Amino acid sequence: MMKFLLLFALLSYGFEGSSENVSSPQRVAVVGSGYVGLVLGAGLAEMGHSVICLDIDEKKIESLREGVMPIYEPGLHELVVNNLRAKRLSFSTEIDAAIRSSDVIFIAVGTPTGAQGETDTSYVESVVKTIGQNANGYKVVCSKSTVPIGTGKKIATQLKDCGDFDYVSNPEFLREGSAVSDFFTPSRTVIGVESERAKKIMEALYEPLSSQPVFFTDIVSAETIKYASNSFLAVKISFINEVANLCDVTGADVRDVAIGMGLDDRIGSKFLNPGPGFGGSCFPKDTLAFLQTAKEFEVDLKMTEAAIAANKTQKLRMIKKARNLLGESLEGQNIALLGLAFKANTDDVRYSPAIEIIRALIESGASVKAYDPEAMKNMKILFPSEIEYCKTLKEAVVGADLTILLTDWDEFREMDLTVLRDQVRQPLILDARNCLDYDELNRLGFVVENVGRPNVR
Ligand code: UGA
């Protein structure tokens, strides 16, 4: 399926491996072999470029050479292995040598949130320093890492002082769980570039994707597009979550409300699914960083601020809903938690709503059994022994007083509700993703809480 998708993408975007003025394929180094760097590196290799993915973690590089992925991302394994075999993709820890032998260097290292809520750009700074030390002729240095607005200008100046470099900002819009298909069919490619020479190189690099919008702008605007896009989507989610909370009491069905709103193409139907709050490595971090930057320029971003506050409340609302079903005290109650990842099709638990929900459940004295198809290993790092991890969905729900569905994995959407009814102690369910069959749940005698969806019409 994925093979077909890639082939389709390359054919339909007319990949010919050439551009008028710049030689292609190009020699590319990607510094940072995490989720962003890996998908980018393997995707560029699939387009025909010669790519070295780099990392300081020797173990990770060793595993990648053997085709073992450090993350769960549908389609990534096949993409990496195929390009390793075709010798267009390689992995290395030799950053200096790779920089010297490349035409385009991507920075794809993390920019985590620091202790005071600020964006920690130290990994980016260290990569820039290394690039500067390895100046040996003209190169384009392109940031995929999300850096605070204004950082690119400073990096560009720093690099110019070291050698013949042009800096480009090329923000990341891939979604975890569908990153590979997003790579080959992007909604747009945004390139912040301020030199004609670098622009031509970026045009040639992304030529296979040129039937999709490729938007050239300046560096600071590209940086702003990234933060504004993620913050806008966060606002959209918090908005529909609040509408769902209203639907909870008025009896309206938020799914119909979302459909009715989304039919207006000025609004659009995407990202109108209410749930337990947004999580992941991007929205929580980027909304905070957007606020922080605005504060530095003495500008208020009240909408973004409100989206963050509403999201915090939304996670805790799930506990209130659990109490609606079980009564005020959760002490000694058995909770089956289905889903730990921040969304389906990923093993990522960063800022997952499950984290705060688990914390609140434990503090209330509940006993938690959890199951997730991919994310248990990562959640174990945060809660090694406070909750019980189960090998199967069925094992998690045995004897449950309340079942909470937090992530909309297909396995949960499609679960046999009769089997669920047979295993649980009490037929109480909190469907935090509005994804179950309520006729069937009602028939089986379940009492249901959800997010803005009436149980019985
Ligand atoms: C997000 C953006 O969608 C990508 O475009 C961007 O590249 C990426 O951040 C990034 O900055 O690197 P991602 O965090 O992988 O991607 O996941 P999303 O699919 O955007 O979901 C984020 C959160 O919002 C999840 O917790 C999800 O469950 C929640 N969500 C999403 C909803 O609650 N309702 C929706 O309708 C959509």
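Which element gives the largest share of the shell around the ligand? Keep that in mind as you open the model, which is predicted: local features need pLDDT of at least 70, side-chain atom pairs count only at pLDDT 80 or more, and totals for chains, interfaces and linings use all residues. Residues are numbered from 1 along each chain as its sequence is written, and side-chain values use heavy atoms, with hydrogens and water left out.

**Stop 1: the ligand**

Select the ligand and show what surrounds it. You should find 19 residues, counting a residue when one of its heavy atoms lies within 4 Å. The closest are L174, E176, K226, N273 and K343. Colour the shell by type and you get nine nonpolar, three polar and seven charged residues. Here Ala, Val, Leu, Ile, Met, Phe, Trp, Tyr, Cys and Pro count as nonpolar, Asp, Glu, Lys and Arg as charged, and the others, Gly among them, as polar.

Now zoom in on the backbone. An oxygen atom of the ligand sits 2.9 Å from a backbone N or O atom of G279. For F342, the distance from a backbone N or O atom to a ligand oxygen is 3.1 Å. At E172, a polar backbone atom is 3.2 Å from an oxygen of the ligand. How much of the ligand does the protein bury? On its own the ligand exposes 710 Å², and the protein buries 93% of that; these areas come from the Shrake-Rupley method with a 1.4 Å probe, and for residues only the protein chains shown count as cover.

Next, select α10 (219-250) and α12 (283-296), the elements that give two or more residues to the shell. Helices are DSSP runs of H or I with at least four residues, strands are runs of E with at least two, and both are numbered from the N terminus. And the opening question: α10 gives the largest share, three residues.

**Stop 2: the second largest pocket**

Show the second largest pocket, with a volume of about 300 Å³. A pocket is an open set of points on a 1 Å grid over the protein atoms alone, where a 1.4 Å probe fits, with protein on both sides within 12 Å along at least five of seven lines; lining residues have an atom within 4 Å of a point. The volume is the space filled by probe spheres set on the points, which are joined across faces, edges and corners.

Its lining has 14 residues, with P284, N311, K315, Y351 and E356 nearest the centre. α12, α13 (302-326) and α14 each give two or more residues to this lining, and α13 gives the most, with five. By type, the lining splits into seven nonpolar, three polar and four charged residues.

**Stop 3: a loop with positive phi**

Stay with Y351, found in the loop between β9 and α14. Its phi is near 55 degrees, a positive value in a residue other than glycine. Then click N345, in the loop between β9 (334-338) and α14 (353-363). N345 also has a positive phi, about 70 degrees, and is not a glycine. Most residues other than glycine have a negative phi.

Are these residues buried or partly exposed? Buried means under 20% relative accessible area, exposed over 50%, and partly exposed in between (1.4 Å probe, protein chains only). N345 is partly exposed at 35%, and Y351 is partly exposed at 39%.

**Stop 4: a buried aspartate**

Finally, jump to D401, in the loop between α16 (393-397) and β12 (402-405). D401 is buried, at 1% relative accessibility. Turn on side chains: the one of D401 makes a polar contact with the side chain of R425, at 3.0 Å. Such a contact is a pair of N or O atoms within 3.5 Å; within protein, one must be able to donate a hydrogen and the other to accept it, and residues adjacent in sequence count only if both atoms are side-chain atoms.
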